[in-house]
Each structure stands twice: as structure tokens, then as C-alpha cells.
Amino acid sequence: MVRRIRLFGEDILRQRAKPVKAIDASVRRLIDDLVETMEDAEGLGLAATQIGVAKRVFVARDGDQILAFVNPTIVARHGREVGLEGCLSLPGLQGNVPRAKEITIRALDRAGRTISHTFTGLAARCCQHEYDHLNGVMYVDHTKDLFWLEAAAERVDLPEDDETSDHWVDEGGQSIQIVRVPTDIREITDYYAELIADLDLDAAGEHLLAEDDGTAPATDEVTEDISG
Ligand SMILES: [Zn+2]
């Protein structure tokens with residue numbers, strides 16, 4: 001089931017998630033929900049706290065496959081590199097964040113087997129980002145180099161296969177150039193507080209849906225594929 005992704009400013013995102021005691025049907029369902037919600041939002045990774053569950057579980061993409069990590073521990077970190085990061089709980093925002101270049105992570109998989117993976121590059125960054133979520137830490141805590149992604153005021157037609165400039169493709173198939181507008185944590189806090197205030201939620205913290213469509217309200221925020 002696709003769940004509502006909690007936004008920066010909601011309490012659950014600052015909680016330290018609790019270890020999973022046994023991998024039972026409810027944990028496997030949680031993993032399924034994480035995968036479905038992440039795919040729906042086109043993210044790279046998603047932690048349980050982001051869908052309102054304070055358990056130490058996250059999912060992350062590694063190339064074509066999606067891995068589930070239960071009770072993960074990062075057992076080794078090497079090197080350091082600064083790179084772009086986004087978060088599904090902070091739609092429309094990105095930042096440059098320092099992370100270890102290579103990590104080794106140990107966890108249980110959905111069958112309860114112990115797994116150990118060494119990751120570099122984007123997968124390493126993603127796992128560190130998701131692991132942080134389980135401790136109530138978010139990427140904006142690690143950097144002041146933060147900016148909104150906004151559509152350029154003047155729309156330029158970019159070739160469809162343009163790989164060189166920063167752009168996304170809108171619903172009409174038009175390429176729109178992205179501009180980065182620097183921001184700070186105060187502005188960010190205010191922005192998401194307003195979004196949260198406008199949410200219409202049921203007792204479980206999910207969207208109250210319009211009867212006819214069955215989908216979450218559309219957002220016009222940009223999420224790029226570096227979001228977790
Ligand atoms: Zn995140």
C-alpha cells in the first residue's frame with residue numbers, strides 16, 4: 001500500500017526508531033509498503049519513520065534491485081565526499097552533503113537472514129541517508145548548502161535527450177530548466193510547516209482522500225531521482 005510520506009517538521013521524523021524484534025508478517029507488510037511508496041514517489045530509498053512507523057527498517061535501490069534492511073548497522077566507513085542529496089520528506093529541496101565514500105552495512109533481510117553489503121557512490125550515500133532517518137537525523141542537519149529547485153522564469157525548450165543542463169520534463173512533455181535558489185533552515189522550516197498545516201489527515205495520519213480518485217493530492221514539487 002502506498003502510504004503518506006511524512007514531511008519535515010512532523011514529530012515522527014525526529015524519533016529514534018526501535019529495533020525490530022522478529023520479522024513477522026507485519027514487518028514484511030511494512031517492507032512492501034516502503035517499496036510501493038518509494039516506487040510511487042520515484043525515490044532512491046525510504047525509511048519506515050518516513051511513512052510514520054518508528055521501526056528500524058529501510059529500503060534502498062542498488063542498481064535495478066531494491067534491498068530491504070532491518071535493524072541495520074553501518075560497520076565500516078571509508079573516505080569522504082560531498083554530493084547532492086534530496087529527501088522525499090523535503091520535496092523541492094536539495095543540498096550538498098558530506099558523506100563517507102564507502103560503507104559496509106550489516107542488517108537482516110526480509111527473510112530474517114543476516115546480510116552484509118559494501119556500497120560506494122550513490123548507494124553508499126543513500127544508505128547513510130536512510131540510516132540517519134532511523135536515528136531521527138535528516139540531511140539538512142549536515143549542511144548549510146541548501147537550495148530550492150525551481151523552474152526557471154523563462155522557459156527554454158531543451159532537446160529531449162539533453163543530458164548537459166539541469167532540467168526536468170513537465171506533464172506536457174516540455175523540458176524546463178531548473179534553477180537553484182539558496183535557502184536556509186528557517187525558511188525551510190516555515191515552508192513545510194505551512195504544508196503540514198494544510199494536510200487533511202485521518203486518525204492514522206494518512207491522507208483523507210477524495211472519494212472518486214483514490215490517489216493522494218497532487219503536489220507540484222519537484223523530486224529528482226536522488227531523493228530518499
Ligand atoms: Zn530522506
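Which residues does Cys127 touch, not counting residues up to four places away in sequence? In this predicted model, Cys127 touches Ala60, Ile103, Ile105 and Phe119 when residues up to four places away in sequence are not counted, a contact being defined by C-beta atoms, placed from the backbone, that lie within 7 Å of each other. Residues are numbered from 1 along each chain as its sequence is written. Because the model is predicted, local features need pLDDT of at least 70 and side-chain atom pairs count only at pLDDT 80 or more, whereas totals for chains, interfaces and linings use all residues.

The protein chain has 3 helices and 10 strands, these elements being DSSP runs numbered from the N terminus, with helices (H or I) of at least four residues and strands (E) of at least two. Read from the N terminus on, the elements follow the order α-β-β-β-β-β-β-β-α-β-β-β-α. Of the 228 residues of the protein chain, 31% count as buried; a residue is buried if 20 or more other C-beta atoms lie within 10 Å of its own, exposed if 12 or fewer do, and partly exposed in between, with C-beta atoms placed from the backbone. Among the contacts with a separation of 6 or more, 67% are accounted for by residues 24 or more positions apart.

One open sheet consists of 5 strands in the order β1-β2-β3-β6-β7, with antiparallel pairing, where two strands are taken to pair if DSSP finds at least two bridges between them. Strands β1 and β7 (114-120) stand at the edges with a single partner strand each, so one side of each is left without a neighbour in the sheet. From one strand to the next the twist averages 40 degrees, with axes fitted as lines to C-alpha atoms, for helices over the stretch in contact, and angles running from 0 to 180 degrees between N-to-C directions. Within this arrangement, β3 and strand β6 (residues 102-108) pair in the antiparallel sense over 6 bridges, and Arg77 stands opposite Ile103 in β6. Helix α1 packs on the sheet, where it touches β1, β2 (57-62) and β3, and its direction makes about 45 degrees with that of β2. Helix α2 (residues 121-134) lies across β1, β2, β3, β6 and β7 and runs at about 170 degrees to β2.

The largest nonpolar core has 42 residues, and those with the most contacts inside it are Leu34, Val57, Phe58, Val59 and Cys127; such a core is a set of buried Ala, Val, Leu, Ile, Met, Phe, Trp, Tyr and Cys residues joined through C-beta atoms within 7 Å. At least two residues of this core are supplied by each of α1, β1, β2, β3, β5, β6 and α2, and α2 gives the most, with 7 residues.

A further open sheet of 5 strands has the order β4-β5-β8-β10-β9, also with antiparallel pairing. Its edge strands are β4 (81-86) and β9 (167-169), each of which pairs on one side only, and neighbouring strands are turned by 35 degrees against each other on average, direction ignored. At one edge, β4 is joined by 6 bridges to strand β5 (residues 93-99), the two running antiparallel, and the bridge partner of Glu81 in β5 is Arg99. These strands, β4 and β5, form a hairpin with 6 residues between them, in whose turn Gly92 has a positive phi of about 90 degrees. At the other edge, β9 and strand β10 (residues 175-183) pair in the antiparallel sense over 3 bridges, with Val169 opposite Ser175 in β10.

Strand β8 (residues 146-151) contains Ala151, which counts as partly exposed because 15 C-beta neighbours lie inside 10 Å. Ala151 touches Ile176 and Ile178, residues up to four places away in sequence not being counted, and the C-alpha atoms of Ala151 and Arg180, 29 residues apart along the chain, are separated by 8.8 Å.

Positive phi values also occur in residues other than glycine. Glu42, which is not a glycine, has a positive phi of about 55 degrees and is placed in the loop between α1 (25-41) and β1 (45-47); Glu42 is exposed, with 11 other C-beta atoms within 10 Å. Asn71 likewise has a positive phi, near 50 degrees, but lies in strand β3 (residues 65-78), and counts as partly exposed with 18 C-beta neighbours inside 10 Å.

Note on methods. Two residues are in contact if their C-beta atoms, placed from the backbone, lie within 7 Å.
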